[in-house]
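Colleague: I have a chain on screen and some questions about its sheet and core. Can we go through them one by one?

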Amino acid sequence: MGVIGVSYPPSQGAFSQASMTYMGPITRFLADTGAPLLVNVYPYFSYIGNPKDISLKYATFASPNAVVFDGPLSYQNLFDAMVDSVYSALERVGAANVPVVVSESGWPSDGSWAANLDNAGTYNSNLIGHVKNGTPKRPGSLETYVFAMFNENQKGGDETERHYGLFYPNKQPVYPVSF
């Protein structure tokens, strides 16, 4: 998502000007070969960066109603809006046929004010149940990978980086999740 310069509203999604020196050739290659663009989508970071304008329910797939209206499309969760902004960016550079695969998504269970067991369990459970439906712009199944299988108790960086796993290093579940 770091190469997206405009993400709101999703229909205005565009790659940043700075990224176009490499995203232009990459998207052309992907379009020519039929390969997908792999994208890491973390609503957690958008939420903690702007909790005034982004509700926790919207960020964790828990909003009962649409929050964002963008032309004929409406968005009930931030994940879909982020993914659809990538689809829009691809369309802008002539690569509308490039599929998107969410190579990482998750929510930390500890390490900051918004990282707790309830939020992580809600996000990941709802993510797993949601991606079979795709996004408003691209209905259908969306190939998505949850980050991560295990908490990484020896990982450096911010405390949250050690708490994305569905399981502790001892193989015990961090919170219940059903696939």
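Colleague: Which residue in strand 7 stands opposite Val102?

Modeller: Bear in mind that this is a predicted model. Strand 6 and strand 7 pair in the parallel sense, over two bridges. Opposite Val102, in strand 7, stands Thr144.

Colleague: What is the strand order in that open sheet?

Modeller: Three strands form the sheet, and their pairing is parallel. Strand 3 and strand 7 (144-146) are the edge strands, each pairing on one side only. That fits the order 3-6-7.

Colleague: Which helix packs on the sheet, and what angle does its direction make with that of strand 7?

Modeller: The twist from one strand to the next averages 20°. Helix 5 packs on this sheet and touches strand 6 and strand 7. The angle between the directions of helix 5 and strand 7 is about 155°.

Colleague: Which element gives the most to the largest nonpolar core?

Modeller: The largest nonpolar core has 43 residues. Elements giving two or more residues to this core include helix 1 (20-33), strand 6 (100-105) and helix 5 (117-130). The most, nine residues, come from helix 4.

Colleague: Which residues have the most contacts inside that core?

Modeller: In soluble globular proteins, nonpolar side chains tend to be buried together. Take Phe79 here: leaving aside neighbours within four places in sequence, its contacts include Val102, Thr144, Tyr123 and Leu127. Phe79 is on the list you want, which reads Leu37, Phe79, Val83 and Leu90.

Note on methods:
Residues are numbered from 1 along each chain as its sequence is written. This is a predicted model: local features need pLDDT of at least 70, side-chain atom pairs count only at pLDDT 80 or more; totals for chains, interfaces and linings use all residues. Side-chain values use heavy atoms; hydrogens and water are left out. A nonpolar core is a set of buried Ala, Val, Leu, Ile, Met, Phe, Trp, Tyr and Cys residues joined through side-chain atoms within 4.5 Å. Buried means under 20% relative accessible area, exposed over 50%, partly exposed in between (1.4 Å probe, protein chains only). Helices (H or I, at least four residues) and strands (E, at least two) are DSSP runs, numbered from the N terminus. Contact means heavy atoms within 4.5 Å. Two strands pair if DSSP finds at least two bridges between them. Axes are lines fitted to C-alpha atoms, for helices over the stretch in contact, and angles run from 0 to 180 degrees between N-to-C directions.
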